[in-house]
Amino acid sequence: MAPAMPKQRAVHLPDNEEVARLLLEKHRSMLEKDIPDNLSLTLSNAYRNVCAAKEPIRTLKDLLKIKGVGPWVIRLIKESFPASSPDLSPPKCKEKGKKGKKIKRPEHSPELVCSNSASMASQELIQLTSQEQLSYSSEVQTTGSAEFTMLDKDTGGMGNSILAMPPRLSNEKFLEAYEVVLILDDREIFGSRGKRVVGNIHSKFHVPVEIKRLPVGDGIWIARHRRSHTEYVLDFIVERKSVTDLVSSIRDSRYKDQKLRLKKCGLRKLIYLVEGDPNPLGASESIKTACFTTEILEGFDVQRTTGYSDTENTYGHLTLSIIDYYSTNFSIGANTCRVCLTYDEFVKKCCDPKKLTVSDIFALQLMQVPQVTEETAVAVIELYPTLVSLARAYSMLDGDTPAQEKMLNMKSKMVNAGASRNIFKLVWGEG
């Protein structure tokens with residue numbers, strides 16, 4: 001079934017009618033070529049926002065300022081974009097009561113004026129092309145939410161290169177060569193809803209979702225080559241925190257250790273997703289402070305969600321935005337020296353098994369548990385250096401759940417009751 005052709009909209013400013021017409025015609029012509037739904041949605045959003053714009057759009061730079069218009073849209077229409085003339089009106093005097101001083105302009109021949117105008121237009125296009133290569137705006141999918149501007153932000157230390165790209169082995173387009181898969185950590189606190197979460201994201205956003213144990217973070221995206229099946233980790237990672245867990249992490253400083261591990265994982269776009277309403281906990285101010293610190297001082301992108309369903313939508317929208325970014329910049333990425341890590345390289349970089357012992361890895365796993373600080377984890381591995389030895393100790397008390405929950409608390413003063421109970425639930429309660 002052919003997609004419905006977009007309808008013409010009323011344009012707020014008459015000056016923008018020609019730009020709106022160009023976008024509409026381009027959208028209709030590309031629909032006849034059967035473009036992907038996410039690119040069609042990008043053009044639809046760009047057209048709607050141009051029609052609603054309250055400022056005149058005279059140059060490509062003006063168009064780039066419109067919400068929903070990114071480098072891909074600019075490249076699509078710049079060949080037929082109406083030429084703009086520079087503003088040659090005399091400067092206005094800013095002080096009241098004084099007349100602007102007349103400036104005597106040198107006379108130029110018509111040929112020279114035309115040459116200068118062409119030079120300025122050419123220079124503008126050159127600057128725009130450079131901006132496209134350095135821009136992270138992409139065409140962000142804003143369906144259902146106006147807050148997905150994460151790709152518009154630069155990340156500290158990114159230099160002048162675009163994000164890491166999977167290798168381009170042929171002239172194929174990104175989605176022809178790779179399948180983008182959202183990977184969620186199997187310890188994500190979705191409880192029994194895990195399978196439903198995967199199904200909901202897949203059915204609503206038509207993106208594949210898989211669950212596996214991640215060495216760091218709660219969500220990543222991989223580009224799986226369609227022929228060789230090699231998996232490359234895209235330059236994005238999510239650390240998801242419920243407000244309850246975040247408050248606990250702030251109190252025991254666990255969230256600082258987790259953010260430090262994220263910074264060392266080799267991926268550039270670090271996303272901190274805070275889920276839930278902090279007001280019932282009376283921790284609204286501490287949550288805000290933590291979010292400001294994480295975003296402004298530490299360079300993370302902070303996203304807020306209201307609950308499970310909103311988190312599912314956030315993962316879905318982020319996936320569409322990431323697909324759009326790589327689809328747009330894949331050809332540019334062929335010229336960059338940065339290539340995405342394979343999944344195995346990513347795991348090795350995060351774990352570095354040459355330096356970590358089994359006990360060290362067990363301690364890092366324990367530090368992901370609420371109320372477990374570094375000191376608590378060290379105290380636990382002094383008693384039980386491996387996960388197997390701790391599980392064996394719990395098995396000795398099988399049938400006496402209260403004693404199992406209090407076991408670590410009774411053996412070490414460094415392990416409080418809450419941490420003891422949470423470790424038991426992780427190790428024994430989940431098998």
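**Reasoning from cut-offs in a predicted model**

Tutor: Buried residues, meaning those under 20% relative accessible area (exposed is over 50%, partly exposed in between, with a 1.4 Å probe and protein chains only), make up 45% of the 431 residues in the protein. This is a predicted model, in which local features need pLDDT of at least 70 and side-chain atom pairs count only at pLDDT 80 or more, while totals for chains, interfaces and linings use all residues. Residues are numbered from 1 along each chain as its sequence is written, and side-chain values use heavy atoms, with hydrogens and water left out.

Student: Why does Y384 count as buried?

Tutor: The relative accessibility of Y384 is 12%, and the limit for buried is under 20%, so Y384 counts as buried. Y384 is placed in the loop between α14 (374-383) and α15 (387-395), where helices are DSSP runs of H or I with at least four residues, strands are runs of E with at least two, and both are numbered from the N terminus.

Student: Which residues does Y384 touch, not counting residues up to four places away in sequence?

Tutor: With contact meaning heavy atoms within 4.5 Å, Y384 touches F362, S389, L390, A393, M407, L408 and K411.

Student: What makes F174 and F330 an edge-to-face aromatic pair?

Tutor: Rings of Phe, Tyr and Trp (its six-membered ring) pair if their centres lie within 6.5 Å, and planes under 30 degrees apart count as stacked, over 60 as edge-to-face and the rest as tilted. The centres of F174 and F330 are 5.3 Å apart, with 65° between the planes, so the pair meets both the distance limit and the edge-to-face limit. The pair links distant parts of the chain, since F174 is in helix α6 (residues 174-177) and F330 is in helix α11 (residues 308-333), 156 residues apart. F174 and F330 are both buried.

Student: How do you know that K212 lies over the face of Y343?

Tutor: A charge sits over a ring if NZ of Lys or CZ of Arg is within 6 Å of the ring centre and within 35 degrees of the ring normal. K212 is at 4.4 Å from the ring centre of Y343 and lies over its face.

Student: Why is α1 called roughly antiparallel to α2?

Tutor: Helix α1 (residues 17-31) and helix α2 (residues 37-52) pack at an angle of about 165°, taken from 0 to 180 degrees between N-to-C directions of lines fitted to C-alpha atoms over the stretch in contact. Angles under 35 degrees count as roughly parallel, over 145 as roughly antiparallel, 65 to 115 as roughly perpendicular and the rest as oblique, and therefore α1 is roughly antiparallel to α2.
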